[in-house]
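Trainee: I'm new to this one and would like a close look at a single part of it. Could you pick out one helix and walk me through it?

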Amino acid sequence: MFIKYRKQLTLAISAAVLLTACGGSGKETDVGKNNHIITPPTPPISETTVLKPDTQPDPVLPSRQEVDWERAIEAAQFLSRASFGVTAKDIEFILDKGKEAWLEQQLSAPLTSQVELLDSRVEAYGYLAVPPSMYYDSATNGEWARMVAKQDVWWETVVWGPDQLRQRVVLALSQILVVSHQGGGMYARERGFANYSDILASQAFGSFEQLLLEVSLNPIMGIYLSAINNPKADPQRGIFPDENYAREILQLFSIGLEELNLDGSIKLDASGNSIATYDQNRVNEFARIFTGWSFSTNIEFAEGGEFAYWRTPISNVEPMKAFAEYHDSGAKTLLQGEFIPAGQTPMQDMRSAIRNIMSHPNVAPFISKKLIQHLITSNPSPAYVARVASVFNDNGAGMKGDMKAVIKAIYLDEELALDAHKEQEYFGKRKESPLVIAGIWRSFKARGTPVKGPNGVTIDTIQYLLNEPTEETFLYAPTVFNFYQTDYSPPGVFTQNNLYAPEFQVFGGAAAINQANLLANLIYRRHYADKQLYLNTGQASGANIFWNNPPVKALLNLDAELALADTPGALVDRINLLLTQGQISEQHSKLIAEHIKLLNDPLERVYEAIYLIAISPEYAVQR
């Protein structure tokens, strides 16, 4: 279904280039370099809609005294940045074939479609994949079940999915080009959000220009930032274009507020002041660009009156449709004084605007630095940013915004070499909630727990909704500014040293306690063969699809760890490598080993060792 949809999306965008939006037959013609047709790279799509946990035995990993220990640390550090959690098999792969081989394998891995997984899951529970309406028909729609199922299949993707690097980049992009379930009018649009995730995934290694185009045409973004049903100005009726999307595509999605040097530093004028990238006049002009777009299924612009947002569910997925008579087709002046002629169709204006944004010198350093901060380290050196931004500007073949080239540049940069940052106390970033949780589940080969649908069908899945105030749920940011700002600096040492620690904007003492308690809940009594697995949970197995049941989370496969329970030092070394990439010192490793040796039950030794390392500062910070 997703393969079919991606073809439909490409055809829909291409058709919009050729036809006027209201059904007319007037052909568009390219006007100058800013209206060339963007050919989207098509990623391979996974042929399966069912993901399965790894049940194969793990390889033996090096211990601290072995010759490959340092190489294993470097491999584990690389994997901690490029995936949702380090696995023993991936460490072995890199030790055998190298980081570049792993990276190339990931860059060509099939995309795991959230739409495909969600459709398959809700159908398995007895609901229609695409119901006839969004509201009021719960027997058909199952709004709550869809919401839970969407979270379930996302967790399955990041824990069991083969395209780890792509999904890690999707998480980063979702915090730059933000849409959120918490926005107004977003209830019961789970399939639309799954599709938005797939758009990010399809261009994670594709074209940033194409990504901006698809995001700008996306109905979920249209609703979130009020770009949908946005008519041209009619001053006599007090109607003026909505500026919301026009402002955010500039400020947050592409160039930022101040002119930048290639290394991400702020440009200064002769008086030592920063230089604004745009003014209110430019916002007004871009707002005119984004007029005249509505839901794909509409016959009339903004039809439905007060129910205009309650369109058929398919319209949450299909690109928005343009209505030329509601679009401002007048001449416009965009960034850097570029003139857009009058008489263009809505799609031509859209392409002109995106090409204008892409031509701005800020795009490369602005986006490159944000990607590095979300993926690698909160405080990249100016030289690191400049090297990646140079690749963003030109992939070596004259293309700007080649995401595959940019991602390779980020992960293979010299600054990530083990010796290059070992002594840099500021290198790294705090792991966000999804990475903390998925890291445990991937390292210890999580298995699903049974979840029963209303039709009696039971499916083993990873069912967990992040519901603590300090936790971050995918596509649930509180505002378009994400959960936190990438230039946030906590008071004290960070501020005094001009350092950023963005994720600490939503993490404090209470959150640390909550996280420690959460980790205990994820680790203890979770081995799949633990005889006390469901002790005191009040359940014999799993949960009902309609409720989030905290005691019933993923099961862990601790067979490899249990095999080392009688050699505590080797056990601690293995867990240290998987969870903290060897950051736990030899002295502290010995203390943990001595502590767990006091426990008689081998499984208790394993639980205790994992928990002590999981609540350490070394696990909390990605290095």
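Mentor: Let's take helix α15, with a little background before it and one residue from elsewhere after it. Keep in mind that this is a predicted model, where local features need pLDDT of at least 70, side-chain atom pairs count only at pLDDT 80 or more, and totals for chains, interfaces and linings use all residues. Numbering runs from 1 along each chain as its sequence is written, and side-chain values use heavy atoms, with hydrogens and water left out.

The protein has 26 helices and 9 strands; these are DSSP runs numbered from the N terminus, helices being H or I with at least four residues and strands E with at least two. Of its 623 residues, 59% count as buried, meaning under 20% relative accessible area with a 1.4 Å probe and protein chains only, while over 50% is exposed and in between is partly exposed.

Now to α15, which covers residues 363-375. At 1.5 Å times one less than its number of residues, its 13 residues should span 18 Å, and that agrees with end C-alpha atoms 18 Å apart. The helix is mostly covered, with 12 of those 13 residues buried. Among them are Val 363, Phe 366, Lys 370 and His 374.

For another spot, try Ala 88 in helix α3 (residues 88-97). Ala 88 is buried too, at a relative accessible area of 1%. Beyond its neighbours within four places in sequence, Ala 88 has contacts (heavy atoms within 4.5 Å) with Asp 58, Pro 59, Leu 61, Arg 574 and Leu 578. Its C-alpha atom is 9.7 Å from that of Lys 445, 357 residues apart along the chain.
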